[in-house]
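Hi everyone, thanks for coming along. Have a look at the fold on the screen, and I'll walk you through a few parts of it.

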Amino acid sequence: MIYFTSDTHFGEPRVLNIDRRPFSSLADHDAALIANWNDTVSPEDEIWHLGDFASKKKGFAEDLLTRLNGRKHLIVGNNDSLATVEASGWQSIQHYAELTVEGHLLILCHYPFRTWNQMGKRSVNLHGHSHGRLKPLLPRQFDVGVDARDLRPVSLPDLLPRLRVKA
């Protein structure tokens, strides 16, 4: 299975206030997001993190990646530090990607687009950055950030329930 997430901001205390996440401490926040990730994603699954992964503290992202299930890909976000980008544990790192899943072209970027490649041919734009605050104005555009998705990664069938995707 392939999963998507964004804006976890592991280890970043400001996320508790700015995004009003329901945790009394950063330790509780990180533990809950790790548990949600690992309850959803198996070690054999693929997961695309669409930016703003973790604290800039040296070694933090690398340690965290060893604790999270799945083959992990990073789409770089505006808050991803060099320590995050250079951490071992990523299968791939880029600012933008296009994937085809079960015949559906997915356009992946940290930022939401106003238009995207093959938009008129039913391609799907997955993004983060807006923390669930951007009203969905365009069809086939989805915020996969944890604030918009019950604090856990999502699959394409979660986003497009009428789509039949083989597990």
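Let's start at the hairpin of β5 and β6, where two residues sit between the strands and Glu102 takes a positive phi near 50 degrees. Before I go on, a word on the source: this is a predicted model, where local features need pLDDT of at least 70, side-chain atom pairs count only at pLDDT 80 or more, and totals for chains, interfaces and linings use all residues. Residues are numbered from 1 along each chain as its sequence is written, and side-chain values use heavy atoms, with hydrogens and water left out.

Some vocabulary, too. Strands (E, at least two residues) and helices (H or I, at least four) are DSSP runs, numbered from the N terminus. Two strands pair if DSSP finds at least two bridges between them. Buried means under 20% relative accessible area, exposed means over 50%, and partly exposed is in between, with a 1.4 Å probe and protein chains only.

Back to the hairpin. Strand β5, residues 96–101, runs antiparallel to β6, and six bridges join them. In that pairing, Ala97 stands opposite Leu108. Strand β6 covers residues 104–109, and five of its six residues are buried. β6 also pairs with strand β7, residues 124–127, this time in the parallel sense over three bridges. There, Ile107 has Asn125 as its bridge partner.

β7 also holds His127. Is that histidine buried or exposed? His127 is buried, with a relative accessible area of 3%. Leaving aside neighbours within four places in sequence, His127 is in contact (heavy atoms within 4.5 Å) with residues including Cys109, His110, Tyr111, Phe142 and Asp143.

Now for the open sheet. Which order do its five strands take? The order is β4-β3-β2-β1-β9, with mixed pairing. β4 (90–94) and β9 (154–155) stand at the edges with a single partner strand each, so one side of each has no neighbour in the sheet.

Further in, β2 (residues 46–49) pairs in the parallel sense with β1 (residues 2–5) over four bridges, and with β3 (residues 71–75), again parallel, over four bridges. His49 is a handy landmark in β2: Thr5 stands opposite it on the β1 side, and Leu74 stands opposite His49 in β3. From β2 the chain crosses through helix α3, residues 60–67, to β3, and this β-α-β crossover is right-handed; that is, with the strands pointing away from the viewer, the path from the first strand over the helix to the second runs clockwise.

In a regular strand the side chains alternate between the two faces of the sheet. In β2, Glu46 and Trp48 point one way, Ile47 and His49 point the other way, and all are buried. On the far side of β3, β4 pairs with β3 in the parallel sense over four bridges, and Lys72 has Trp90 as its bridge partner there.

Last stop, helix α2, residues 26–40. Its buried residues are His29, Asp30, Leu33, Ile34, Asn36, Trp37 and Thr40. Seen down the axis, they fall within an arc of 160 degrees, so they line one face of the helix; the arc is that of the directions from the helix axis to the C-beta atoms. Those buried residues pack against β1, α1 (14–18), β2, α3 and β3. The face turned away from the buried side carries the exposed residues Ala27 and Asp39.
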